[in-house]
Amino acid sequence: MELFSIRDTLAKVPLKHHTARVTRHALDLLAQQYRTPEPLLAKLLTIALGHDIGKIATLRQSGIYTMSDHPKISSSKLREIFAPYAVTQNLHWLDEALNSIEEHHRVSRNPLTNILQMADRKAREEEVQLMSRDITVQPWESWCKPADLLSIVAEKINVLERGQSSWRGISFEGVVYCKPEWMYEAAKKLANHRRVIDLVLVATSEKETAYRRLVETLRQADLLALDVGPGYYGLPFEIRSPHLKNPKKHALVPIKIEAFGQKAGEFEQMKEGILQTISSIKPARSGSLFP
């Protein structure tokens, strides 16, 4: 479900080919991240080669499981396979390996699970590119240029939606305050326009990673009006207006208005309704949000 938008494309890839790609990338990542990767090889190979065997149709014939349960099926089947050797071969690492497989579609702090997730992402990007010849895999910084991103973000600044009560970004006193989710949607539009595939913008579980990456892109270009802090993707702001009984609090990304170039001068003219009555936008409290 989290790759629903490219499901049909990925369905054309044989499972054994996908598994081989994931394993290759996992081994490369292990070598990059560990000085002596050899003690972890057995565990990593088990994780990489076994992470998706639960997708094999014959293992789901009971009807009890669905495709979304494949990590659990994979773990269960591997435990069965390794059972005769678990004691005699002293497979002390097996439980951790099986746990990594079970959680490989969830947020995890386990380093080997993270390697598997990164390898899986790289493999999927390669597969989309292979199956869709007009789509390419490119480094984030090569296609997500701040000026191009903000030209799309600008389209919704000071624009009221949903019955004139909702907005995606506001300009106020030289700063544009943008909702992270709108920056995310703008980045997806830009990637589509560039015909680039980046699973950070496709997988639903990667949204916060994408938010952080977008804010970091603006930070590197010195376009943030306030310091959000490395590893964070927003600040809590309190918006006041005579037409609001209580201040409204929003998580926003503060961007220098000059970053929008010529469009910056048009923002105030676009304000309407409640946006014209805003009297202040101030940090709700000290510190950044969303680590």
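1. In this predicted model, Val153 touches Cys178, Trp182, Met183, Ala186 and Phe260, leaving aside residues up to four places away in sequence.

2. Val153 also belongs to the largest nonpolar core, which has 49 residues. Within this core, the residues that touch the most other members are Leu149, Val153, Met183, Ile255 and Phe260. Two of the contacts of Val153, Met183 and Phe260, are therefore on that list as well.

3. Which helices and strands each supply at least two residues of this core? The helices are H7 (140–143), H8 (146–153), H9 (180–194) and H10 (207–220). The strands are E1 (169–172), E2 (175–178), E3 (235–240) and E4 (248–256). H9 gives the most, with seven residues.

4. There is a second, separate core of 22 residues. Among its members are Leu44, Phe82, Leu94 and Ala123.

5. Phe82 and Leu94 also appear where two helices meet, Phe82 in H4 and Leu94 in H5. The axes of H4 (residues 70–82) and H5 (residues 94–102) come within 8 Å and cross at roughly 160 degrees. Angles over 145 degrees count as roughly antiparallel, so H4 is roughly antiparallel to H5. The crossing is right-handed.

6. On the H4 side, the residues in contact are Pro71, Lys72, Ser74, Ser75, Leu78, Arg79 and Phe82. They meet Leu94, Asp95, Leu98, Ile101 and Glu102 in H5. By type, the residues of this contact are six nonpolar, two polar and four charged.

Conventions:
Residues are numbered from 1 along each chain as its sequence is written. This is a predicted model: local features need pLDDT of at least 70, side-chain atom pairs count only at pLDDT 80 or more; totals for chains, interfaces and linings use all residues. Side-chain values use heavy atoms; hydrogens and water are left out. Axes are lines fitted to C-alpha atoms, for helices over the stretch in contact, and angles run from 0 to 180 degrees between N-to-C directions. Helices (H or I, at least four residues) and strands (E, at least two) are DSSP runs, numbered from the N terminus. Angles under 35 degrees count as roughly parallel, over 145 as roughly antiparallel, 65 to 115 as roughly perpendicular and the rest as oblique. A crossing is left-handed if the near helix is turned anticlockwise from the far one by less than a right angle, and right-handed if clockwise. Contact means heavy atoms within 4.5 Å. Ala, Val, Leu, Ile, Met, Phe, Trp, Tyr, Cys and Pro count as nonpolar, Asp, Glu, Lys and Arg as charged, and the others, Gly among them, as polar. A nonpolar core is a set of buried Ala, Val, Leu, Ile, Met, Phe, Trp, Tyr and Cys residues joined through side-chain atoms within 4.5 Å. Buried means under 20% relative accessible area, exposed over 50%, partly exposed in between (1.4 Å probe, protein chains only).
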